[in-house]
Amino acid sequence: MQERTLKQLLICFAIFLLLTVMAVFSSSIYLGFFGYVAMLIVGTATTSIGVVIGDAIRRVAKPDLVFAADGFDLLRKKVFWLLGPQAIGWFVGYIAFKGVMGKLGFYL
């Protein structure tokens, strides 16, 4: 496994570990033990796949040259190409997580 992919997997795991702990202590969400385990595993898997696909798209589509009107515009474009496609992939993975959890019978 590449170092970049492992790092992305660990970040997705840490985010979903935090979300799972928040769900455990929430008074409005009750999934049961296996629901929380499924939340952690399915959430980590789907968002990791989304981030890896977003990163692959970023590496293919990232422009070699960026034109900007001013410094802020240049910063905005650089930050987008640094994080944007991965964030979009994470969001798509989160939507897939919600769908899979719904199919399993766990509604958040």
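This report walks through the pockets, salt bridges and a few single residues of a predicted model.

## The largest pocket

Let's start with the biggest opening. The largest pocket has a volume of about 180 Å³. Its lining is made up of Arg 4, Lys 7, Gln 8, Ile 11, Cys 12, Ile 15, Val 51, Gln 86 and Trp 90. Which helix supplies the largest share of that lining? That would be H1, with six residues. Helix H1 covers residues 3–24, and helix H3 covers residues 71–103; each of these two helices supplies at least two lining residues. If you sort the lining by class, you get five nonpolar, two polar and two charged residues.

Keep Arg 4, Gln 8 and Gln 86 in mind while you look at this lining, as these names come back below.

## The second largest pocket

Next comes the second largest pocket, with a volume of about 150 Å³. Here the lining consists of Arg 58, Lys 62, Pro 63, Asp 64, Val 66, Lys 77, Lys 78, Trp 81 and Leu 82. This time H3 gives the most, with four residues. The class count reads four nonpolar, no polar and five charged residues. So how do you get to five charged? Anything that is Asp, Glu, Lys or Arg counts as charged, and the lining includes Arg 58, Lys 62, Asp 64, Lys 77 and Lys 78.

## Salt bridges

Now for the charged pairs. Side chains of opposite charge can pair when their charged atoms come close. In this model there are five salt bridges. Three of them are set out here, with the distance between the closest N and O atoms.

| Salt bridge | Closest N and O atoms |
|---|---|
| Arg 4 and Asp 55 | 3.1 Å |
| Arg 58 and Asp 55 | 3.2 Å |
| Arg 76 and Asp 73 | 2.6 Å |

Take the pair of Arg 4 and Asp 55, with its closest N and O atoms 3.1 Å apart. This pair links distant parts of the chain, as Arg 4 sits in helix H1 and Asp 55 in helix H2 (residues 33–61), 51 residues apart. Are the two partners buried or exposed to some degree? Arg 4 is partly exposed, with a relative accessible area of 40%. Asp 55, in contrast, has a relative accessibility of 1%, so it counts as buried, the limit for buried being under 20%.

The pair of Arg 58 and Asp 55 is a local affair within helix H2: the two residues are three apart, so about one helical turn separates them. Both of these partners are buried.

Over in helix H3, Arg 76 forms a salt bridge with Asp 73. These two are also three residues apart, so once again the separation is about one helical turn. Asp 73 counts as buried because its relative accessibility is 13%, and the limit is under 20%.

Some of the bridges share partners: Arg 4, Asp 55, Arg 58 and Arg 59 are joined into one network this way.

## Around Asp 55 and Gln 8

Asp 55 deserves another look. What does Asp 55 touch, once you leave aside its neighbours within four places in sequence? The contacts are Arg 4, Gln 8 and Gln 86. With Gln 86, Asp 55 has a polar contact of 3.1 Å between the side chains. With Gln 8, there is another side-chain polar contact, at 3.5 Å.

Gln 8 itself belongs to helix H1. Its relative accessible area is 10%, so Gln 8 is buried. Leaving aside neighbours within four places in sequence, Gln 8 is in contact with Val 51, Val 52, Asp 55 and Gln 86. Two of these names, Val 51 and Gln 86, are also found in the lining of the largest pocket, along with Gln 8.

## The segment after H3

Finally, go to Gly 105, which is found in the segment after H3. With a relative accessible area of 43%, Gly 105 is partly exposed. How far apart are Gly 105 and Leu 31, in sequence and in space? They are 74 residues apart along the sequence, and their C-alpha atoms are 9.4 Å apart in space.

Terms used
Residues numbered from 1 in each chain as written. Predicted model: local features only at pLDDT ≥ 70, side-chain atom pairs only at ≥ 80, totals over all residues. Heavy atoms only, no water. 1 Å grid on protein atoms, 1.4 Å probe; cavity = no way out; pocket = protein on both sides within 12 Å on 5 of 7 lines; lining within 4 Å. Points joined across faces, edges and corners; volume = space filled by probe spheres on them. Buried < 20%, exposed > 50% of the residue type's maximum accessible area, 1.4 Å probe, protein only. Polar contact = N/O pair within 3.5 Å; in protein donor to acceptor, adjacent residues only side chain to side chain. Contact = heavy atoms within 4.5 Å. Salt bridge = Lys/Arg side-chain N within 4 Å of Asp/Glu carboxyl O.
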